[in-house]
Amino acid sequence: MAAQNKSRARGLQLWRNARLATMAEGDAGLGLVEKGAIVARDGVIVYAGPEADMPSALAQGGETTDCEGRWITPGLIDCHTHLIHAGNRANEFEMRLAGATYEEVARAGGGIVSTVKATRAAHEDELVRQSLPRLDALIAEGVTTVEIKSGYGLSHMHERWSLRAARRLGTMRDVSVVTTFLGAHTLPQNLGDLSVPSEPYRDKDEYIDNIVDNILPAIAVEGLADAVDGFCEGIAFSPEQIARVFDKAKALGLPVKLHADQLSNLHGAELAARYGALSADHLEYTDEAGAAAMAKAGTVATILPGAYYFIRETRKPPVGLFRQHGVKMAVATDNNPGTSPLTSLLLTMNMAATLFGLTVEECLAGTTREAARALGLLGKTGTLEAGKSADLAIWDIERPAELVYRMGFNPLHARIWRGQ
């Protein structure tokens, strides 16, 4: 597919004869509007509501689209992906199906090390080429905003390539790309990469030193990251090590988010809340203290059912605690080659409902309003309200529940990004 025109739509646009799910926070449920209309000027919504209440001046001139009774939701948002990587780990999947253990796969050269090697071997252009089809799959299902993490480079040069590749994807398609620096993903070791003279590191602390003193400041100066993430887990980094990264991120003016409590309870949710994180993600082992801390801090819980499904987890995130304490919940694919090779946000919603018991409203809010909140973008997108970007998904469905109910079926009729 050729590169697309990224200029914002100009002038007045009207979508009428539609049914709306505004997802606006002040509206009940999904914010349903029968016989609704949306008006945008220069790519920004100026009216969303009943067509009968639309100011007459907004109906004059401009481009008009008759939606013929179709449903319009905000454009979908995938707020947690590792979209930029090279290669895949289908061979490991096959080994595990044949009975190989995690240790056996690792000894055979598998695991995250294999993805780091493949990503480092693929220069920026190749990363773009391999990642673009994954982005296109999301776009085809109505996604208008996607977060993309680094984390498979694990050196300044290779993390920079990954983040630059992510930024380039956002110039090649009509989609908003949010980039996140995930240098504190795992310890790069036993890679034999002569292009990184600091390797191998003596220990995790030495690697964190390099992130804090060198890599993160350089990434920030170049403006390549919109946020900073970390993996707080026994197989990754301790709360103390992550805190050092977060301290530096805050000093550089970058918001933070955290892979927390996925495999054990290291109180990552509380750590994320202490730093006012935009989101804490995974959260299978989060306890009530963690949920309460997140609620107080306004930290979003990002639910990732793809990873739970793919690695055959048995511990579910404490959705009941999040509801009890009023923690907002987002839903995302966690697209990555090792634990969630998933590029369907529609299927992700179904998984969140069937595996974790989220309601239709929670799934749809989780991939629109709350996903925007998890990226710090709620003031710009995620709902159908005046002042928000005209990011729309128009669906051939009878009711919004179909977006969560169906599997392997895409009812998208049209996708609008910034009015175009």
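Which elements cover the buried residues of H6? In this predicted model, the cover includes helix H5 (156–172), strand E8, strand E9 (227–232) and helix H7 (239–251).

**Helix H6 and its ends**

Helix H6 (204–222) comprises 19 residues and spans 25 Å between its first and last C-alpha, close to the 27 Å expected at 1.5 Å a residue. A bend of about 45 degrees occurs at Ile211. Ile211 also belongs to the buried set of H6, together with Tyr207, Ile208, Asn210, Val212, Ile215, Leu216, Pro217 and Ile219. At the N-terminal end, Asp203 acts as a cap, with a side-chain oxygen 3.2 Å from the backbone nitrogen of Asp205. After the helix comes Gly223, which has a positive phi near 70 degrees.

**The loop preceding H6**

Asp193 is located in the loop that connects strand E8 (176–184) to H6. Setting aside neighbours within four places in sequence, Asp193 contacts Arg120, His158 and Glu199. The side chain of Asp193 also takes part in the polar contacts tabulated below.

| Side-chain pair | Polar contact distance |
|---|---|
| Asp193 and Arg120 | 3.2 Å |
| Asp193 and Ser195 | 2.5 Å |

**Cysteines**

The structure contains zero disulfides. The sulfur of Cys79 cannot form such a bond because the closest cysteine sulfur, in Cys363, is 13 Å away, whereas a disulfide requires two sulfur atoms within 2.5 Å. Cys232 is likewise in no disulfide, and its nearest cysteine sulfur, that of Cys79, lies at 19 Å. Cys79 is buried at 2% relative accessibility, and Cys232 is buried with a relative accessible area of 1%.

How values were computed. Residues numbered from 1 in each chain as written. Predicted model: local features only at pLDDT ≥ 70, side-chain atom pairs only at ≥ 80, totals over all residues. Heavy atoms only, no water. Buried < 20%, exposed > 50% of the residue type's maximum accessible area, 1.4 Å probe, protein only. Helix = DSSP H or I, 4+ residues; strand = E, 2+ residues; numbered from the N terminus. Polar contact = N/O pair within 3.5 Å; in protein donor to acceptor, adjacent residues only side chain to side chain. Contact = heavy atoms within 4.5 Å. Expected span 1.5 Å × (residues − 1). Bend = angle between axes of the 7 residues up to and from the residue.
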